[in-house]
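Biologist: Before we discuss this model, could you set the assigned labels against their cut-offs for me? I would like to follow each conclusion from value to term.

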Amino acid sequence: MNIKQRVISLLDELEKGKYSNILLNEYFHKNLLNKSERGFITEVFYGVIRNNIFLEYQIEKRTKTIKKNWLKNLLKISFYQISFMKSDYKGVVWEATELAKKKYGIQVGRFINGVIRGYLRDKENEINELRDKKRLDILYSYPKWFYEMISEEYKEKTEIFLKSLKKIPCMSVRVNRLKYSCDEFEELLKKMKIKIIKRIDTIYYIDSGVILYTDEFKDGKIVVQDGASYLAGKLLNPKENEVIVDCCSAPGSKTAVLAELMKNTGKIYSLDIHEHKIKLIDENMKKLGVSNVLTKKLDARNLKEQGIKFDKILVDVPCSGFGVLRKKPEALYNKDITNVEELANLQLEILESVSECLKIGGELIYSTCTIFKKENTDNIEKFLNKNKNFSVIKIEIPENISGQFDRFGGFLIDFTEDILDNFYIIKLRKDF
């Protein structure tokens, strides 16, 4: 199968509601491809998703409604190559024309040829026109409501912020010290000629995804995890023999961090509302050699009904996910402002409910993988105003992580950070 036909089939599957990262990983496991092929498919697949609004806009300007989704995706791929990759323009036109011709006939091939050539002539003027009209939402492919919220919160830094969320993410893995050491992992990287881009404690950002095909990954010695997610667990500072709950824990990556730091002692309750996710957590804990976790299908808002008081609580709440757009760019297109507001209300409900289960003197981490104040600072303000028995504990952020503290002491890994996911973390203590 032609490599662009592979991308078209992936885009078609994505439109059926599958997650991009899961879809791509499954595809690579089922299809034997070389490094160059995987690299091209990954860049074009994610590139089209990240720039979908811009690409749709350019196609609609040049064609009437295209009934064949296959042709629309072929044009998106071609326009993406012309706009964002150092591609041979003649080669792009020729290949698209031939693919269309073979699938739908000569006339359709000519049509595709004309559309792409037309875009080649106009693309520079198109980009200048969008900038002149201040349509950065289209230029950088963001829904209008999202662009307006970013503009309101980030003012003159809006364009820098918009660009930052379109950056290509790095592969990141965590060394599972229950089974492996950082020294052993670094030796493996040397053998495989994989470079370290950045390191946050046991989290390594590396320049190749082939690490996922190693026995070390299959055996649970290393696990895919971002440094921001890792920090949410580490900053809770779990101690041996404590009783801790991870309230919204699937797939269990933060739970595993807690277990490792506790050296498999004490007890960690790992909660989720979906049965299939509970099974996923169990599978992951077994693979990683974690033995102190008790999974339970439970809505975190009902935790207080269990009658247990915890030494520490991790509250990584369900959120809009806009801090991980580099890895899951399709999240932009399936949420709106109503979703953000509904999620903010749910997050506050969860935080207020689970806080009742914390022992006096106990500590709690509230975190999200999103960027908006509604889900972060605003929720903390509402919580602290209502719960005077809680105070903020200062957290120490590694020097090689960029971001900013809010007025309460919560830290947002933001657009100034090139590598880690955008993430909000704040630590609270129950004083009385």
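**Labels and their cut-offs**

Modeller: Phe411 has a relative accessibility of 5% and counts as buried. This is a predicted model, in which local features need pLDDT of at least 70 and side-chain atom pairs count only at pLDDT 80 or more, while totals for chains, interfaces and linings use all residues. Residues are numbered from 1 along each chain as its sequence is written, and side-chain values use heavy atoms, with hydrogens and water left out.

Biologist: Why is Phe405 called partly exposed?

Modeller: Buried means under 20% relative accessible area and exposed means over 50%, with partly exposed in between, using a 1.4 Å probe and protein chains only. Phe405 has a relative accessible area of 44%, which lies between those limits, and it is therefore partly exposed.

Biologist: What makes Phe405 and Phe411 an aromatic pair that is edge-to-face?

Modeller: Rings of Phe, Tyr and Trp (its six-membered ring) pair if their centres lie within 6.5 Å, and planes under 30 degrees apart count as stacked, over 60 as edge-to-face and the rest as tilted. For Phe405 and Phe411 the centres are 4.8 Å apart and the planes make 65°, so both conditions are met. Trp145 and Phe146, at 5.7 Å centre to centre and 80° between the planes, are also edge-to-face, and both of these residues are buried. Ring pairs link Trp145 and Phe146 with Tyr142, Phe322 and Phe372 into a cluster.

Biologist: How do you know that the charged end of Lys166 sits over the ring of Tyr142?

Modeller: A charge sits over a ring if NZ of Lys or CZ of Arg is within 6 Å of the ring centre and within 35 degrees of the ring normal. The charged end of Lys166 is 4.4 Å from the centre of the Tyr142 ring, so the distance condition is satisfied. The charged end of Lys287 likewise sits over the ring of Phe217, 4.3 Å from its centre.

Biologist: Why does Ser320 count as buried, and which residues is Ser320 in contact with, leaving aside its neighbours within four places in sequence?

Modeller: Ser320, found in the loop between β8 (310-316) and α16 (337-355), has 1% relative accessibility, which is under the limit for buried, and therefore takes that label. With contact meaning heavy atoms within 4.5 Å, and with neighbours within four places in sequence left aside, Ser320 is in contact with Lys335, Val340, Leu343, Thr370 and Glu375.

Key:
Helices (H or I, at least four residues) and strands (E, at least two) are DSSP runs, numbered from the N terminus.
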